[in-house]
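Q: Please take a close look at one part of this model for me. I want the packing, the exposure and the cut-offs behind each word.

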Amino acid sequence: MNPLDFLLNLLQMLLWHPGTGVLIGLLLVAAWIDWRTFRIPNWLTASGMVWGLTYNAVFADSALGGLAHGLLGLVTGLALLLPLYAIRVMGAGDVKLMAMVGAFLGALATAKALLLVGIAGGLAVVLFALAHRATGRLAANVKDLATSMVVPGMPLWRPELAGTSIGKLPYGVSISAGTLAYLVLRQLGYA
């Protein structure tokens, strides 16, 4: 099978599946809206959560088991990003978007996807810093964060660091990219 046929077959399998197809559509819409407005609307994340929970309840062996699977994923996505919202590193829409992803994927898959989201986000930060000539500020932030993690008694988050941001990023794009990468890797049997 040539690479183009392989790619088209992979996309067809992902898009025609009732769970991943809807999730991919919602992620693409969320990324587009966040890229343009720096916001992810509640109607998008709420309807995605409902669809994810419904999908899991309908297509599982047991409706209650499927619903529990989706709810655990939703809570996992929420819980893993909520601390970043609390320290103002991330917006509420980003947290709700990851919770929506969790409603589709379940707890373990959400945690795996979040690793790829972090990689996508880190890459986006580096590219953003390069494009805005803010690599010095980025390096200073990374140094301060690393120091605060190593030096005993130094708090991990210091309010004085908040003013040194390199700028605002539409993190919904990274959440979408990382989750899409996870879905592809899972389809290929690597996740």
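A: The frame comes first, then the helix pairs, the loops and a pair of threonines.

This is a predicted model, where local features need pLDDT of at least 70, side-chain atom pairs need 80 or more, and totals for chains, interfaces and linings use all residues. Numbering starts from 1 along each chain as its sequence is written, and side-chain values use heavy atoms, without hydrogens or water.

The protein chain has eight helices and zero strands (DSSP runs: H or I of at least four residues, E of at least two, numbered from the N terminus). Its order from the N terminus is α-α-α-α-α-α-α-α. There are 191 residues, and 37% of them count as buried (under 20% relative accessible area; exposed is over 50%, partly exposed in between; 1.4 Å probe, protein chains only). Take the contacts with a separation of 6 or more: 69% of them join residues 24 or more positions apart (contact: heavy atoms within 4.5 Å).

Now the part to look at closely: helix α2, residues 18-37. It has two partners to consider here, α1 and α3.

Start with α1, residues 3-16. The axes of α1 and α2 come within 5 Å and cross at roughly 95° (lines fitted to C-alpha atoms over the stretch in contact, angles from 0 to 180 degrees between N-to-C directions). The two helices are therefore roughly perpendicular (65 to 115 degrees; under 35 is roughly parallel, over 145 roughly antiparallel, the rest oblique). On the α1 side, the contact uses Met13, Leu14, Leu15 and Trp16. On the α2 side, Pro18, Thr20, Gly21 and Ile24 meet them. By class, this contact has six nonpolar, two polar and no charged residues (nonpolar: Ala, Val, Leu, Ile, Met, Phe, Trp, Tyr, Cys, Pro; charged: Asp, Glu, Lys, Arg; polar: the others, Gly among them).

Next comes α3, residues 42-59. Its axis and that of α2 come within 10 Å and cross at roughly 170°. The pair is therefore roughly antiparallel. From α2, the contact takes Pro18, Gly19, Val22, Leu26, Val29, Ala30 and Ile33. From α3, it takes Trp43, Leu44, Gly48, Trp51, Tyr55 and Phe59. Eleven of these residues are nonpolar, two are polar and none is charged. Pro18 appears in the contact with α1 and in the contact with α3.

The loop between α2 and α3 holds Phe38. Phe38 is not a glycine, yet its phi is positive, about 60°. Its relative accessible area is 36%, so it is partly exposed.

Arg88 makes a useful comparison. It sits in the loop between α4 and α5 (92-105). Its phi is also positive, at about 65°, and it is not a glycine. At 80% relative accessibility, Arg88 is exposed.

Last, the threonines. Thr76 lies in helix α4, residues 63-86. With a relative accessible area of 18%, Thr76 is buried. Leaving out residues up to four places away in sequence, Thr76 touches Ala107 and Thr110. Gly102 is 26 residues from Thr76 in sequence, and their C-alpha atoms are 6.6 Å apart.

Thr110 belongs to helix α6. Its relative accessible area is 0%, so Thr110 is buried. With the same sequence neighbours left out, Thr110 touches Gly73, Thr76, Gly77, Met98, Val101, Gly102 and Leu105.
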